[in-house]
Amino acid sequence: MSGKKVIVTGATGRTGSLVVKKLRQLFEQFEVVGLGRSEDKIKQLFGSTEGFFTGNINEKSTLETAFKGCDSLVILTSAVPQMKSPPQEGQRPEFTFEPGGMPEEVDWIGQKNQIDMAKELGINHIVLVGSMGGTNPSHPLNKIGNGNILIWKRKAEDYLINSGIDYTIIRAGGLLDEPGAKRELIVGKNDTLLSNPPNGVATSIPREDVAEVVVNALIETSAKNKAFDVISKPENDDSAVITQDFAALFEQTTPGL
Ligand SMILES: NC(=O)c1ccc[n+]([C@@H]2O[C@H](COP(=O)([O-])OP(=O)(O)OC[C@H]3O[C@@H](n4cnc5c(N)ncnc54)[C@H](OP(=O)(O)O)[C@@H]3O)[C@@H](O)[C@H]2O)c1
């Protein structure tokens with residue numbers, strides 16, 4: 001019998017699917033189940049629906065079967081902006097959200113539904129992936145589709161911290177689809193890495209590295225009850241020491257929003 005049972009939501013998302021794949025490789029330590037919205041997408045990404053449940057985080061009752069018996073929950077659901085139509089030359093693209101998919105519904109109510117269900121079922125650790133920028137109400141991401149996405153994400157983070165469940169809140173910088181385990185990761189808090197980035201460092205991080213931070217947050221006790229921002233030094237940076245000691249990385253982080 002494998003160890004800790006983990007449910008990953010947003011399992012068909014770009015970072016969520018990486019977390020599922022990494023946890024599946026660690027089958028002696030973890031039993032992993034995923035929650036997705038579409039069986040077709042699950043099959044496309046994973047070849048079969050084995051180990052997956054379908055549900056919608058906007059409807060709390062659809063979460064119960066998937067969450068039951070799990071020790072930990074990884075929340076990788078997020079509202080996904082969609083371009084309205086290709087922009088005219090020289091115009092900026094306009095974005096919207098699908099019906100039922102506004103950030104208030106997904107990043108606030110949807111995350112709250114998951115936290116409440118986890119609490120009811122005795123799940124004892126929640127790892128929530130969010131975004132840097134939430135301390136600035138005028139952040140451009142809040143303007144996308146008039147969604148105020150970072151404001152709703154931060155409200156859910158606050159709710160999680162006050163839930164009484166052990167938490168790890170990982171607020172990523174801009175996500176890159178580039179290889180992981182090739183960079184030094186840098187942690188911070190309260191968007192100071194955005195307002196005052198270290199010399200020569202873009203405020204971004206590969207999704208692979210975020211997934212690795214998630215997996216290690218499920219392993220290392222020093223990740224418990226911490227909330228932090230995370231970015232990476234560029235690949236091939238001469239001063240970089242590729243991050244391998246995640247316990248030490250989490251020791252640099254602090255509790256509270
Ligand atoms: N993009 C960036 O540069 C950036 C920067 C910093 C932080 N972040 C944050 O990092 C996290 C991961 O980002 P990502 O780009 O990897 O995610 P993503 O690919 O956009 O995945 C989002 C997931 O949420 C799921 N979802 C949305 N509404 C749902 C609902 N009502 N019920 C169930 N599932 C629902 C989607 O399902 P489907 O697969 O069915 O669509 C998808 O799997 C997000 O919180 C994001 O905001 C992003």
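**Ligand shell, central sheet and packed helices**

In this predicted model, the ligand is surrounded by 27 residues, of which Gly10, Gly13, Thr15, Ser78 and Ser131 come nearest. Two or more residues of this shell are given by each of helix H4 (103–120), strand E7 (125–131) and strand E9 (174–176). The most is given by E7, with three residues. By residue class, the shell around the ligand holds 16 polar, seven nonpolar and four charged residues.

Eight strands form an open sheet with mixed pairing, in the order E3-E2-E1-E4-E7-E8-E12-E10. Strand E3 (52–54) and strand E10 (185–188) each have a single partner strand, so they stand at the edges and one side of each is left without a neighbour in the sheet. On average, and with direction ignored, neighbouring strands of this sheet are turned by 25° against each other. Within the sheet, strand E1 (residues 4–9) and strand E2 (residues 30–36) run parallel and are joined by six bridges. Valine 8 has glycine 34, in E2, as its bridge partner.

Helices pack on this sheet. H4, which also gives residues to the shell around the ligand, touches E1, strand E4 (72–75) and E7. The direction of H4 makes about 175° with that of E4. H8 lies across E1, E4, E7, strand E8 (166–172), E10 and strand E12 (226–232). Relative to E8, helix H8 runs at about 165°.

Helix H1 (residues 16–25) has Gly16, Ser17, Leu18, Val19, Val20 and Leu23 as its buried residues. The cover over these buried residues includes strands E1, E2 and E4 together with helix H2 (39–46) and H8.

Glutamate 208 is found in H8, which spans residues 207–219. Because 20 other C-beta atoms lie within 10 Å, glutamate 208 is buried; the cut-off for a buried residue is 20 or more. Beyond its neighbours within four places in sequence, glutamate 208 is in contact with Leu18, Pro179 and Gly180. Of these contacts, Leu18 is one of the buried residues of H1, and H8 is among the elements that cover the buried residues of that helix. Alanine 181 and glutamate 208 are 27 residues apart in sequence, and their C-alpha atoms are 7.7 Å apart in space.

Technical notes
Residues numbered from 1 in each chain as written. Predicted model: local features only at pLDDT ≥ 70, side-chain atom pairs only at ≥ 80, totals over all residues. Near = placed C-beta within 6 Å. Helix = DSSP H or I, 4+ residues; strand = E, 2+ residues; numbered from the N terminus. Nonpolar A, V, L, I, M, F, W, Y, C, P; charged D, E, K, R; others polar. Buried ≥ 20, exposed ≤ 12 C-beta atoms within 10 Å, placed from the backbone. Contact = placed C-beta atoms within 7 Å. Pairing = 2+ DSSP bridges. Axes fitted to C-alpha atoms, helices over the stretch in contact; angles between N-to-C directions.
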